Amino acid sequence: MKIEILEKTDTNLRVIVKDAEVPLMNALRRIALAQVPCMAIDEVVMIENSSILQDEIIAHRLGLTPLKTDLNSYNLPEECPCQSEFGCPQCRVTLTLDAEAKDGTRTVYSGELVSENPEVGPVSDKVPIIKLAKGQKLKLEAYARLGRGKTHAKWQPVCVSAYKYYPSITTPKELCPDCTKCADICPKKVLEVKGGKVTVRDLLACTLCMDCVDACPKKPSPLKVEWEKNSFIMNIESTGALPPERILQEATKILGQQLKEFEEQVKVE
Ligand SMILES: [Zn+2]
């Protein structure tokens with residue numbers, strides 16, 4: 001198997017994977033979505049809420065605020081030696097919020113949450129939590145824990161986890177007289193007319209929608225759009241909770257553990 005990095009930023013990873021099988025790619029995609037743990041607020045204790053929103057709505061909004069995750073320092077609550085309902089410093093992070101609108105209506109943003117651990121806090125300071133009118137107050141204590149996306153979407157470390165086949169396009173040798181329909185219709189502008197020929201401008205942008213082949217008046221079309229059976233373009237976009245490469249590494253680790261467990265069970269049987 002060969003992996004080539006196309007694009008890597010703080011939140012996005014795009015790689016070409018060659019000589020791989022669909023079931024493997026799909027397993028990694030699904031594990032990244034549902035099983036790689038990340039931090040999210042799981043419990044909120046309201047101390048004072050004189051805003052117009054109910055406690056539950058505020059708690060829900062806090063839960064869906066992405067938090068930076070420190071996977072090395074925290075345990076999943078079910079795996080933590082404390083086995084406590086309330087958690088311990090190894091499986092829980094406390095965040096507090098104390099906001100008041102003194103001078104008039106104002107918006108309270110995620111940046112006002114104060115975390116006991118600076119490594120675990122909101123990914124962005126700009127997530128609006130609530131609007132307070134003059135004189136209204138919101139004071140609360142929130143507990144964040146590790147969890148998995150299969151339990152609740154707030155514990156999903158990715159907003160995109162997808163792959164597509166690697167495209168392969170064969171263009172006609174000569175430009176068909178007065179026809180550039182294939183190049184015109186492509187929504188991703190993959191094809192272009194250059195030097196009296198239809199050429200491929202951006203192969204990797206192709207989504208294999210086949211609009212170009214359908215638009216061709218010639219049947220069969222001299223334009224061939226196919227895909228490589230064992231090559232994929234995978235895209236992982238993180239919510240900011242974890243670096244995207246870490247999400248992929250964790251996904252492979254989880255798959256490995258599951259296969260090992262399966263193997264041991266088979267031996268026992
Ligand atoms: Zn614990």
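**Reading a predicted model, feature by feature**

Reader: Let's start with one residue. Where is K189 found?

Author: K189 sits in the loop between α3 (181-185) and β10 (191-194). Keep in mind that this is a predicted model.

Reader: And how do I read the phi of K189?

Author: Here's the general idea: most residues other than glycine have a negative phi. K189 is not a glycine, yet its phi is positive, about 55 degrees.

Reader: Is K189 buried, partly exposed or exposed?

Author: Check its relative accessible area: values from 20% to 50% count as partly exposed. K189 has 42%, so it is partly exposed.

Reader: What about Q83: which sign does its phi have?

Author: Positive, at about 50 degrees, and Q83 is not a glycine either. You'll find Q83 in the loop between α2 (55-63) and β4 (93-100). With 57% relative accessibility, Q83 counts as exposed, because the cut-off for that word is over 50%.

Reader: Now peptide bonds. What kind of peptide bond joins K219 and P220?

Author: In general, most peptide bonds are trans. The bond between K219 and P220 is cis, with omega about 0 degrees. P220 belongs to the loop between α4 (211-215) and β12 (224-238).

Reader: Let's do the metal. Which residues are the protein donors of the zinc ion?

Author: Look for the SG atoms of C80, C82, C88 and C91, which lie 2.2 to 2.3 Å from the zinc ion. To spot these donors in the sequence, use the spacing C-x1-C-x5-C-x2-C.

Reader: Why is the arrangement around the zinc ion called tetrahedral?

Author: The ideal angle for four tetrahedral donors is 109.5 degrees. Around this zinc ion the four donor atoms subtend angles of 104 to 113 degrees, and therefore the arrangement is tetrahedral.

Reader: Are C80 and C88 buried or exposed?

Author: Buried means under 20% relative accessible area. C80 counts as buried at 1%, and C88 is buried at 13%.

Reader: On to pockets. What volume does the largest pocket have?

Author: The largest pocket has about 390 Å³. It is lined by 17 residues, and the closest to its centre are P37, L76, E79, R148 and E250. Helix α5 (residues 244-268) gives the most to this lining, six residues. Sorted by class, the lining has six nonpolar, five polar and six charged residues.

Reader: And how much space lies in the second largest pocket?

Author: About 160 Å³. Its lining includes M1, I3, V15 and V17. β2 (12-18), α1 (22-34) and α5 each supply at least two residues, and α5 gives the most, with four. The classes here are nine nonpolar, two polar and one charged.

Reader: Last one, zooming out: how many helices and strands does the chain have?

Author: Five helices and twelve strands. To judge the overall form, try the radius of gyration: a compact globule of 269 residues would be near 18 Å, but this chain has 25 Å. Along the principal axes, the C-alpha trace spans about 75 × 65 × 25 Å. As for burial, 38% of the 269 residues count as buried.

Key:
Residues numbered from 1 in each chain as written. Predicted model: local features only at pLDDT ≥ 70, side-chain atom pairs only at ≥ 80, totals over all residues. Heavy atoms only, no water. Donors = N, O, S within 2.8 Å, 3.2 Å for Na, K, Ca; no water. Tetrahedral: all angles 85-135°; square planar, octahedral: opposite > 155°, others 65-115°. Buried < 20%, exposed > 50% of the residue type's maximum accessible area, 1.4 Å probe, protein only. 1 Å grid on protein atoms, 1.4 Å probe; cavity = no way out; pocket = protein on both sides within 12 Å on 5 of 7 lines; lining within 4 Å. Points joined across faces, edges and corners; volume = space filled by probe spheres on them. Nonpolar A, V, L, I, M, F, W, Y, C, P; charged D, E, K, R; others polar. Rg over C-alpha atoms; globule rule 2.2 N^0.38 Å.
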